[in-house]
Number of protein chains: 2
Amino acid sequence: MCCKIKEVHAKIRQYINKTPVMTSTTLNKLTKAECYLKCENFQKMGAFKIRGAVNAILNLTEEQKKKGVITHSSGNHAQALSLAASFFNVKATIVMPENAPKVKIEATRNYGGEVIFCGNKPLDREKKTEELIKQHDYTLIHPSNNWDIIRGAGTAAYELIHEIQDLDYVFAPVGGGGLLSGTSLAVKELSPKTKVIGVEPEKADDAFRSIRDNKIYPSINPDTIADGLRTSLGNITFSVIRDNVDKIILVTEEEIVKAMEFLWSRMKLVVEPSGAVSLAGLLKQKESIKNKRVGAIISGGNIDLTDFFAKFKGL
Amino acid sequence: MCCKIKEVHAKIRQYINKTPVMTSTTLNKLTKAECYLKCENFQKMGAFKIRGAVNAILNLTEEQKKKGVITHSSGNHAQALSLAASFFNVKATIVMPENAPKVKIEATRNYGGEVIFCGNKPLDREKKTEELIKQHDYTLIHPSNNWDIIRGAGTAAYELIHEIQDLDYVFAPVGGGGLLSGTSLAVKELSPKTKVIGVEPEKADDAFRSIRDNKIYPSINPDTIADGLRTSLGNITFSVIRDNVDKIILVTEEEIVKAMEFLWSRMKLVVEPSGAVSLAGLLKQKESIKNKRVGAIISGGNIDLTDFFAKFKGL
């Protein structure tokens with residue numbers, strides 16, 4: 001396995017934001033801990049995903065760059081890959097179901113991606129993607145189960161640990177497992193004594209069960225509000241998490257909303273539900289983190305505010 | 001007149017947050033300028049007001065501290081004075097109309113202030129306040145027309161100019177004029193060539209008219225969404241603004257909401273309507289700020305999110 005997270009960071013840093021680490025007196029009082037939130041909602045395109053996407057594009061051969069990349073996603077990875085590809089004049093094709101939210105289609109197009117629609121069934125996406133790869137020889141960049149994506153994602157924790165030394169814990173959300181895998185690699189590289197805790201919605205607990213039973217369970221139509229965490233582990237993320245993450249804990253929908261409300265109301269941060277999951281986990285572990293130094297990756301802030309502002313525009 | 005803003009800053013800095021200056025590639029592209037937003041929504045209690053309040057409390061005599069302070073406000077100043085007073089074990093009494101929003105009453109109490117209710121008519125507040133001062137010999141801390149409040153407020157611009165050199169413009173909102181006055185004093189002290197632009201809602205244009213006609217017009221029941229900017233200039237803020245501010249410009253309600261939406265959606269910052277007014281002005285002046293270095297004071301982020309989160313809690 002090549003490439004330390006440190007080297008990946010040195011390579012991608014000029015293309016990404018060094019996001020701020022935010023603190024809150026109220027949060028510290030509430031937890032009796034020192035909490036440090038790595039705010040990837042302030043990252044380019046609003047989520048940590050750009051880190052892995054840039055790394056993946058940078059690692060393409062010249063031949064691959066000429067032909068272009070492809071992925072199937074309607075979430076932050078679609079936008080991240082589109083934006084990262086645009087930095088290097090590489091064509092990005094994004095396969096999305098016909099019923100994908102309009103705002104996500106538009107955002108992806110705004111970042112320069114070409115959206116190709118497929119049917120609305122789960123298998124339709126992969127079929128369409130394979131078809132296009134056969135036709136154009138595009139390189140598939142998977143949203144999470146890909147070493148470049150994992151190591152890129154790990155640079156968020158890398159920056160956090162560089163800035164805040166001697167952390168006892170780092171909390172990160174887990175969906176497909178790219179961010180949690182990368183976080184655990186960065187932590188083991190820079191600060192091996194720091195414990196890494198994955199946090200997953202109870203309603204999408206496939207990673208929790210997969211690690212517990214040592215076999216990958218697919219995530220089947222989970223209806224958690226944390227829409228970025230509905231996907232399953234892949235073979236790579238499964239093994240990285242199994243070997244490097246200390247524990248996965250579950251949080252309820254109510255706990256996710258409560259953490260999100262804290263971030264918005266008290267810390268003035270616009271964070272999407274998936275981005276509040278790590279804080280929900282941290283708050284749930286109040287007893288174990290007492291008097292400790294605790295980091296959490298706030299993964300992103302892309303949430304549709306159309307309804308919220310419609311109210312104001314009706315003024 | 002004693003006290004440079006620099007000295008005030010040195011005195012209060014240990015009690016306040018040094019708030020971050022945020023930038024946005026999208027904003028810079030949109031304006032063709034280099035924009036630097038001083039984010040006082042990340043300040044303690046969510047707004048710049050704590051700066052002036054701490055300064056005012058620090059400048060009390062021991063005798064005054066023993067007796068306590070009073071103000072009439074239902075907004076950020078009420079909370080700021082309560083919190084600042086609590087730092088030094090000084091009693092703060094806040095006079096509020098009976099119909100003040102419940103969240104504001106609770107927030108003020110949470111910060112340690114004692115809320116005393118008065119009638120709902122404008123003159124009721126002042127009557128009740130005078131009555132209490134006569135009774136208890138409290139020191140009145142006016143929300144804006146007070147030198148300590150003005151100089152304290154100016155420390156936000158002081159930090160901005162210290163961090164970001166050679167600004168061509170600084171934009172600040174104007175309501176009672178405390179923040180704009182302090183900003184103009186800080187700019188003249190540190191960077192006299194920088195122009196200071198006050199931004200006011202069209203629907204509460206009393207400061208604009210007051211400076212134009214060289215006489216103070218009261219603000220009469222303005223119905224702007226920017227609830228922090230509904231108050232009038234006082235004799236001190238009027239003269240400081242007249243002598244030190246280069247221009248006051250007006251923005252519409254739509255422009256305020258648009259700026260607020262940009263801050264939330266693109267920059268992931270929870271900002272209250274009054275806090276978005278300076279950016280609304282900056283965006284309106286697009287032509288004059290092209291290729292310039294421009295600062296703006298984002299004054300606060302206290303907005304009631306109860307309705308927004310009620311939706312999520314209904315999940």
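## Two copies, one axis

Turn chain A by 180° with 0.0 Å of shift along the axis, and chain A lands on chain B with an RMSD of 0.0 Å (a least-squares fit on the C-alpha atoms of residues with pLDDT of at least 70 in both copies). The two copies are thus related as by a two-fold rotation axis. In chain A, the residue that comes closest to that axis is L269(A), with its C-alpha at 2.7 Å.

Keep in mind that this is a predicted model, where local features need pLDDT of at least 70, side-chain atom pairs count only at pLDDT 80 or more, and totals for chains, interfaces and linings use all residues. Residues are numbered from 1 along each chain as its sequence is written, chains are lettered from A in the order in which they are written, and side-chain values use heavy atoms, leaving out hydrogens and water.

## Where the chains meet

On each side, 27 residues are in contact with the partner chain (heavy atoms within 4.5 Å). The copies meet through the same surface, because 100% of chain A's interface residues are also interface residues in chain B.

Together the chains bury about 2500 Å², with carbon and sulfur atoms giving 73% (accessible area lost on being put together, 1.4 Å probe, summed over both). K268(A), F308(A) and F309(A) supply 25% of what chain A buries here, more than any other three residues.

## Charged partners

How many salt bridges are there between chain A and chain B? The count is two (a side-chain nitrogen of Lys or Arg within 4 Å of a carboxyl oxygen of Asp or Glu). E261(A) and K313(B) meet in a salt bridge, at 2.7 Å from N to O.

How values were computed. Buried area is the accessible area (1.4 Å probe) that two parts lose on being put together, summed over both.
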